[in-house]
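Here is a walk through one chain, starting at its ligand and working outward. Keep the 3D view open as you read.

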Amino acid sequence: MSEDQLREVVSALRESRKYRFVCEDTLRRIAGWAAARHTRTKDIVKAAKRKLHQAYGAYLEGFDPAEVRELVDGLPSDPPADALRETCLTILGRHASTRERMAFMEQAYAEVFRRTGRPKVILDLACGLNPFAFPRMGVSKSVRYHACDIDSRIMLAVDAFFVRVGVDHDAVWGDVLVSAPEVDADVAFLLKTVPCLERQEKSAAVRVLREIRARHVVVSFPAQSLGGRDKGMHEHYAKEMKEIADELGVSADELAYPSETFYLLTKT
Ligand SMILES: C[S@@+](CC[C@H](N)C(=O)[O-])C[C@H]1O[C@@H](n2cnc3c(N)ncnc32)[C@H](O)[C@@H]1O
């Protein structure tokens, strides 16, 4: 694909209502993927949109990032703990992925950090709304929180949130398949995103997990489909996780909750 055609495809994607908030690196990467399969610009754009839907659009259904931003903007600077926890619960309830985790997230974070030790630096990749679980993580405000996602609205809301709460942070609008996180962390999260990355690039999970500079990485998978039906998902992802851990040469300890299974990967 010529540079001109690439520009044309990327601007067509950027003009679409659904994908205008996706970072440039992702649009270019997916345009390149589509161009390897089609020649006419129209077909490249169509294939790229289909891929973007799988990678990102599907997760946005029924979710309005503008509402999240309003809730963050309604928080005072250095909010009282109760108000902060309540607002964050409301925000977490706005997206299916974090909503499903709400019932057990405090327990899950407590168990993870009991095993890893309290982190000083957290890395949250493809974070979605997970940074809003911060008040329920049981970590101190002196932690440094690095978060990244391809959606600019999410990252701007995360940035505004940590500014208000007074937590040292980085909110990066970026693609983990294009730039590796340049951070040394104690614990990294890659929650419910491995299937989504694998749909974008074969063996993406192993590549990304290799690039993460953290002793402990928490990877999670949904344990049931969004409709609540269990289609043998736990077994399916347990097998996938084992293959990934074997390839990386790390151990993966399982922590199972009703709708999500966490794996704690520890590099030795
Ligand atoms: C299923 S959601 C999970 C969100 C969050 N980690 C959680 O568990 O609540 C997948 C997230 O991955 C993000 N994403 C998809 N592809 C990405 C990529 N290549 N780089 C960074 N983020 C990506 C999407 O924007 C979306 O927020």
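For the ligand, a residue counts as near when one of its heavy atoms lies within 4 Å of the molecule. Keep in mind that this is a predicted model.

**Around the ligand**

Which residues come nearest to the ligand? Of the 22 residues around the ligand, the nearest are S97, R101, A126, D149 and L191. D149 also turns up among the polar approaches to the ligand, where one of its polar side-chain atoms sits 2.6 Å from a ligand oxygen atom. Two other residues face nitrogen atoms of the ligand. Q200 does it with an N or O atom in its side chain, at 2.9 Å, while C127 does it with a backbone N or O atom, at 3.5 Å. Here are those three side by side.

| Residue | Atom on the residue | Atom on the ligand | Distance |
|---|---|---|---|
| D149 | polar side-chain atom | oxygen | 2.6 Å |
| Q200 | side-chain N or O | nitrogen | 2.9 Å |
| C127 | backbone N or O | nitrogen | 3.5 Å |

**Two domains and the interface**

Now zoom out to the whole chain. The domain assignment splits it into domain 1, residues 3-60, and domain 2, residues 65-266. Their C-alpha centres are 26 Å apart. At the interface, 12 residues of domain 1 are in contact with 14 residues of domain 2. Together the two domains bury about 1,400 Å², with 56% of that on carbon and sulfur atoms. On the domain 1 side, F21, R29 and Y59 lose the most area to domain 2, and together they account for 41% of what that side buries.

What about polar links across the interface? There are 11 residue pairs in polar contact between domain 1 and domain 2, counting pairs with both residues at pLDDT 80 or more. Two elements of domain 1 each give two or more residues to the side that touches domain 2: α2 (24-35) and α3 (41-60). Of these, α3 gives the most, with 6 residues. Sorted by class, that side of domain 1 has 7 nonpolar, 2 polar and 3 charged residues.

The interface also has 1 salt bridge. Side chains of opposite charge can pair when their charged atoms come close. A salt bridge joins the side chains of D175 and R29, at 2.9 Å from N to O. R29 is also one of the domain 1 residues that lose the most area to domain 2.

**A salt bridge within a helix**

The overall count comes to 22 salt bridges. One to look up is the pair D4 and R7, whose side chains meet at 2.7 Å, N to O. Why can these two be partners along a helix? D4 and R7 are 3 residues apart in helix α1 (residues 3-15), so about one helical turn separates them.

**Two loop residues with positive phi**

Finally, take a look at a couple of backbone angles. D78 is not a glycine, yet its phi is positive, near 50°. Where is D78? It is in the loop between α4 (65-73) and α5 (81-92). Leaving out residues up to four places away in sequence, D78 touches K141, R164 and V165. With K141 the link is a polar contact between the two side chains, at 3.0 Å. The C-alpha atom of D78 is also 8.8 Å from that of V163, which is 85 residues away along the chain.

K192 is the other case: a residue that is not a glycine, with a positive phi of about 50°. K192 belongs to the loop between β4 (184-191) and α9 (194-200).

Notes. Residues numbered from 1 in each chain as written. Predicted model: local features only at pLDDT ≥ 70, side-chain atom pairs only at ≥ 80, totals over all residues. Heavy atoms only, no water. Domains from an automatic or database assignment. Contact = heavy atoms within 4.5 Å. Buried area = accessible area lost by both parts, 1.4 Å probe. Salt bridge = Lys/Arg side-chain N within 4 Å of Asp/Glu carboxyl O. Polar contact = N/O pair within 3.5 Å; in protein donor to acceptor, adjacent residues only side chain to side chain. Helix = DSSP H or I, 4+ residues; strand = E, 2+ residues; numbered from the N terminus. Nonpolar A, V, L, I, M, F, W, Y, C, P; charged D, E, K, R; others polar.
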